[in-house]
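The following note sets out numbered remarks on the structure shown below. It is intended to be read alongside the sequence and the coordinates.

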Amino acid sequence: MATPTIQRRRLGNALKRAREQAAKTQDEAAEQIDAAASKISRLELGQSGIKLTDLTLLLNFYGVSGEEAEWMKDLARAGRQRGRWSGFLGAIPDWFRTYVDLEADASELRWYQPEVVPGILQIESYIRAMNVNAQPGVSQEAMDQQLKVRLERQAILDQPNAPILNFILSESAIRRNIGDADVMREQLLHLAEVAERTNVELQVFPFDAQTFGAAWVGFTIMRFDHDASSDVVYLEDYTDATYLDRPDGVQAYTALWNRLQSAALGQVESRRMILRLAGAD
């Protein structure tokens, strides 16, 4: 489950987004709750909580109502995890909803994937092939919902203020066959195309690289407003997930990321390997 710190982070991101969409300043927002602008800043950075009465005043001032307002109140109570993905309740497990909200709000993301292509980079045919193997017997409707969620998450690749996206993929992830040869070729060509984007860094951790004891552990580091003090590490297993925001835990995974990045192939060499495996080099 998400910690109170992460819940405040989510609420802060949502409040900042709502204020900016309403074209209001922090000073104007502060007047509504009879506080200093610094309090609004702390709220938006997730550094402090907020009373429901003050939250209601801000939501009214920003013109936020309905389900979005109720979701923010839920976050303020550190209660049920809902959010902008609540329309996909059947497709997103409870433990994953926090992640997709944080992912959409992050200013920088770092993925290390040891076995499969990260979800945000998967093409439709790869997603379907993987779901068929991972979830035998799943209904077509459920699969279509999961596909829609994953494809909608990929919108951050093209948004105007796209975050910085860093990927390190184990060589296993680009060699493991998901679907048939045509699916893998199409997936690899997509990786090569994404790797050319200015906000994307994609590296391959090859089989013959120096091996680290924890290189088999997949993880994601999320950063907000380029502020390392608010980093969150996401770890996922088959039926649950863990969110780390304690400084010692975040620092350990950041150090591991740095070691993996140093041992991985450079971006140019990584793209060449991907194209070679796709038969397009």
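1. Charge distribution. The protein chain carries 31 positive and 40 negative charges, and the mean positions of these two sets are 3 Å apart. The reader should bear in mind that this is a predicted model.

2. Surface. The accessible surface of the protein chain amounts to about 13,500 Å². Carbon and sulfur atoms contribute 48% of that surface. Of the 281 residues in the chain, 49% are buried.

3. Overall fold and dimensions. The protein chain contains twelve helices and six strands. Its radius of gyration is 20 Å, close to the 19 Å given by the globule rule for 281 residues, so the chain is as compact as a globular protein of that length. The C-alpha trace spans about 65 × 40 × 30 Å along its principal axes.

4. Contact order. Among contacts in the protein chain with a separation of 6 or more, 70% are made by residues 24 or more positions apart.

5. Strands 2 and 3. Strand 2, residues 164-170, pairs with strand 3 in the parallel sense, and the pairing extends over six bridges. Within this pair, Phe167 stands opposite Leu202 of strand 3. Strand 3 covers residues 200-205 and is mostly covered, with five of its six residues buried.

6. Ser270 and its surroundings. Where does Ser270 lie? Ser270 is part of helix 12, which comprises residues 267-277. The relative accessible area of Ser270 is 0%, and this falls under the 20% limit for a buried residue. When residues up to four places away in sequence are not counted, Ser270 touches Leu202, Gln203, Val204 and Leu265. Leu202, one of these partners, is also the residue of strand 3 that stands opposite Phe167. The C-alpha atoms of Ser270 and Phe205 are separated by 8.5 Å, although the two residues are 65 residues apart along the chain.

7. Leu57 and its surroundings. Leu57 belongs to helix 4, residues 52-62. Is Leu57 buried, partly exposed or exposed? Its relative accessibility is 38%, and Leu57 therefore counts as partly exposed. Leaving aside neighbours within four places in sequence, Leu57 is in contact with Gln32 and Ile33. The C-alpha atoms of Leu57 and Gln32 are separated by 6.6 Å, with their positions 25 residues apart along the chain taken as the sequence distance.

8. Backbone at Ala23. Ala23 merits inspection of its backbone angles: phi is positive, at about 60°, although the residue is not a glycine. Ala23 is located in the loop that joins helix 1 (4-21) and helix 2 (26-32). With 64% relative accessibility, Ala23 counts as exposed.

9. Backbone at Asp34. A positive phi is also found at Asp34, where the value is near 55° in a residue other than glycine. Asp34 occupies the loop between helix 2 and helix 3 (37-44). Its relative accessibility is 74%, and Asp34 accordingly counts as exposed.

How values were computed. Residues numbered from 1 in each chain as written. Predicted model: local features only at pLDDT ≥ 70, side-chain atom pairs only at ≥ 80, totals over all residues. Heavy atoms only, no water. Helix = DSSP H or I, 4+ residues; strand = E, 2+ residues; numbered from the N terminus. Rg over C-alpha atoms; globule rule 2.2 N^0.38 Å. Buried < 20%, exposed > 50% of the residue type's maximum accessible area, 1.4 Å probe, protein only. Contact = heavy atoms within 4.5 Å. Areas by Shrake-Rupley, 256 points an atom, 1.4 Å probe, with all protein chains shown as cover. Lys, Arg positive; Asp, Glu negative; His and termini not counted. Charge placed at Lys NZ, Arg CZ, Asp CG, Glu CD. Pairing = 2+ DSSP bridges.
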